[in-house]
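Here are a few exercises to work through with the model open in your viewer. Try each one yourself before reading on.

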Amino acid sequence: MEAVKGPDTQREEAFCDLVGRHQAALLRTCCCILNDPQLAQDAVQETFLKAYKAFGGFRKESSEKTWLMRIAVNTCRDMKRRAWFRLVDRRMPLDRLPEPSVPFTPRDDTVLQCISRLPQKEREAILLYFYQDLTLEEAGQALGVPRSTVNSRLERAKARLKKMLEGEEQDE
Amino acid sequence: MNDEEMRRQIHHALDHRLSGMEDSPWLARRITGAERKQTGMNKKIMVALVLCLTLLLAFAGVAAALNLNVFELFSSRQPRLQDIAAASAVEGAPSVTVENERAGRSVVTVTNAYYDGESLLIGYTVENEQYLERFTPTEEELAQMEAAAPECAPMAFEKGQEEFAQALQQAVANGTPFGVKKIQTYIADHTMTDGGVDLGPSTGLGDWTQDGTFLNLLDYDELPNEVRNQPSLTVLLPLRQTVALAYWDGQGQYYFGHTEQTRAPVALTVRRTAAEALRYEGKATVDGVEAKVEIEISVVKARAAFTALEEDFHPLDAEGPWYELRLKDDKGWEMADNGWTWEDDRHMSFAFTGNGALPSALSAQLLMVDGEEIVDQTEIALAPVP
């Protein structure tokens with residue numbers, strides 16, 4: 001006879017599934033928002049802790065990923081507001097990144113560096129839309145701004161990124 | 001580089017270059033374990049559940065009234081709607097009635113429609129938008145339902161549904177079963193013309209009257225070329241009715257997604273108004289380069305086109321500031337920014353929500369913005385174009 005699972009066990013299992021599904025992509029997203037792999041680990045842990053505490057507040061009005069990204073973006077913003085962070089170099093420190101477990105190309109380094117040079121709000125928009133694959137509507141919910149604002153930030157970010165990548169291509 | 005290529009390169013860069021950032025297999029367990037030690041979990045979950053279930057959406061609630069005029073009702077939030085409310089009231093108010101054997105009659109009525117050749121706004125109401133009833137699943141139905149996060153009902157309650165929220169709270173406190181069936185009637189995305197053109201996305205405002213009638217304003221983004229400057233537009237608002245089930249069995253919650261039915265669309269023809277549009281033009285020197293700004297403004301929207309008159313204008317610089325345009329009308333009211341488009345090295349365009357009446361004068365400032373800080377600003381003297 002199968003044991004009946006209590007609500008707390010079900011909740012923990014649901015939470016473990018949530019972490020399993022989103023942890024890796026969230027780590028990479030936070031790393032690009034913060035430009036710091038160590039801080040990204042802290043941000044992801046804090047994000048999941050907040051998510052666990054607020055699991056009850058998730059009412060399926062937005063997708064699970066949108067809800068989680070909203071928490072993550074706010075957590076990263078809080079970390080960036082801390083005064084000492086302003087002293088940190090804002091570019092992605094490629095030499096401090098852990099050794100990749102799969103092969104990468106020099107172009108990957110270029111793309112990462114260019115993303116890290118985007119202004120904060122544009123970087124968030126581009127990561128949510130192009131990497132987390134959220135729609136404009138969902139990215140708006142995650143960032144707490146109207147869809148039109150996401151669209152505007154995304155247009156700017158795309159234009160800047162394109163320009164930077166084209167510039168890098170000429171230099172290469 | 002198109003969007004798909006950019007998406008591919010970004011995915012590749014993050015998934016390959018950052019692949020060494022390993023996720024911790026113990027993270028979830030660390031968090032749940034730490035939380036369990038800190039709190040008496042079961043009690044906390046119950047409290048969270050009760051709080052969550054009783055969470056009612058804080059809609060302001062507008063007074064119920066006969067002959068609703070959606071534009072007028074929302075004019076306190078967007079003054080421009082006051083200026084077009086009377087002219088845009090739809091004669092005969094096109095409406096569709098949906099009959100459901102459980103929910104009864106729901107009526108969708110278009111109260112306002114405004115089309116000036118460039119912009120389209122539609123206001124509508126839905127009477128009996130949501131119908132709730134108690135529900136106990138059969139064993140077969142329960143088997144098809146999905147277990148939901150245990151401390152929060154997947155079905156949120158709106159204003160006017162307090163009776164159900166309270167009954168559910170009581171059931172949770174007593175550990176007794178309680179189920180709800182919700183039938184909702186709504187206008188879906190993708191408004192089409194009678195010729196099959198999709199009008200694209202819209203933004204808008206929504207609210208409920210005290211008697212539960214839903215009010216909504218649809219403000220369409222830039223219209224497709226095929227439907228601009230037509231003498232009239234006939235559009236079809238897609239109508240759907242969904243059924244959702246939620247059940248608390250005394251210990252956990254179960255949810256059955258949506259069963260959706262497509263109903264006959266709400267069709268309406270809106271004639272182009274004789275609304276005037278004004279044009280303004282101005283020149284300025286921006287960052288040492290001559291530039292021209294052309295603005296077209298109606299009572300509901302404005303669009304500004306910026307053109308650098310020399311080749312060496314390069315506003316794109318990842319390390320430097322960016323440009324934003326501010327528009328103020330003759331009363332000094334700033335117009336709300338509604339999007340920006342970068343076209344090429346010499347052209348940008350800016351969209352705005354109109355302030356209502358056409359301004360007798362307009363002023364513009366081009367701002368250089370670095371993050372949140374304005375680092376420079378250029379006044380642009382604008383003159384009306386006859």
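**Exercise 1.** Over the face of which ring does Arg17(B) lie, and at what distance from the ring centre?

*Solution.* Keep in mind that this is a predicted model. Start at Arg17(B) and look across to chain A: the ring is that of Phe104(A), and its centre is 4.4 Å away. Now try Arg7(B), whose charged end sits over the ring of Tyr129(A), at 5.1 Å from the centre.

**Exercise 2.** Work out how the rings of Tyr129(A) and Phe130(A) are arranged, and whether the two residues are buried or exposed.

*Solution.* First, some background: a pair of aromatic rings is described by the distance of the centres and the angle of the planes. The centres of Tyr129(A) and Phe130(A) are 5.0 Å apart and the planes are at 80 degrees, so this pair is edge-to-face. Next, check the burial against the cut-off of under 20% relative accessible area. Tyr129(A) has 17%, so it counts as buried. Phe130(A), with 0%, is buried too.

**Exercise 3.** Do the same for Phe15(A) and Phe48(A), then place them in the secondary structure.

*Solution.* The ring centres are 6.3 Å apart with planes at 85 degrees, so Phe15(A) and Phe48(A) are edge-to-face. Phe15(A) belongs to helix H1 of chain A and Phe48(A) to helix H2 (residues 37-53), so to speak a link between distant parts of the chain, 33 residues apart. Phe15(A) is buried at 0% relative accessibility, and Phe48(A) is buried at 0% as well. Ring pairs also bring in Tyr52(A), giving a cluster of Phe15(A), Phe48(A) and Tyr52(A).

**Exercise 4.** Which residues have the most contacts inside the largest nonpolar core, and which helix gives the largest share of that core?

*Solution.* The core has 62 residues, and the best-connected ones are Phe48(A), Leu112(A), Ile126(A), Leu161(A), Ile10(B) and Leu14(B). Helix H1 of chain A (residues 7-34) supplies the largest share, 11 residues. Zoom in on Phe48(A): its contacts include Leu18(A), Leu26(A) and Leu68(A), plus Leu27(B) and Ile31(B) from chain B. Apart from this core lies another one of 26 residues, among them Ile122(B), Phe214(B), Leu237(B) and Leu239(B).

**Exercise 5.** How many helices and strands does each chain have?

*Solution.* Chain A has seven helices and zero strands. Chain B has seven helices and 19 strands. For burial, 53% of the 172 residues in chain A count as buried, and 48% of the 386 in chain B do.

Terms used: Residues numbered from 1 in each chain as written. Chains lettered and ligands numbered in written order. Predicted model: local features only at pLDDT ≥ 70, side-chain atom pairs only at ≥ 80, totals over all residues. Heavy atoms only, no water. Helix = DSSP H or I, 4+ residues; strand = E, 2+ residues; numbered from the N terminus. Buried < 20%, exposed > 50% of the residue type's maximum accessible area, 1.4 Å probe, protein only. Core = buried A, V, L, I, M, F, W, Y, C linked by side-chain atoms within 4.5 Å. Contact = heavy atoms within 4.5 Å. Phe/Tyr/Trp six-rings, centres within 6.5 Å; stacked < 30°, edge-to-face > 60°. Lys NZ or Arg CZ within 6 Å of the ring centre and 35° of its normal. Lists of a residue's contacts leave out its neighbours within four places in sequence.
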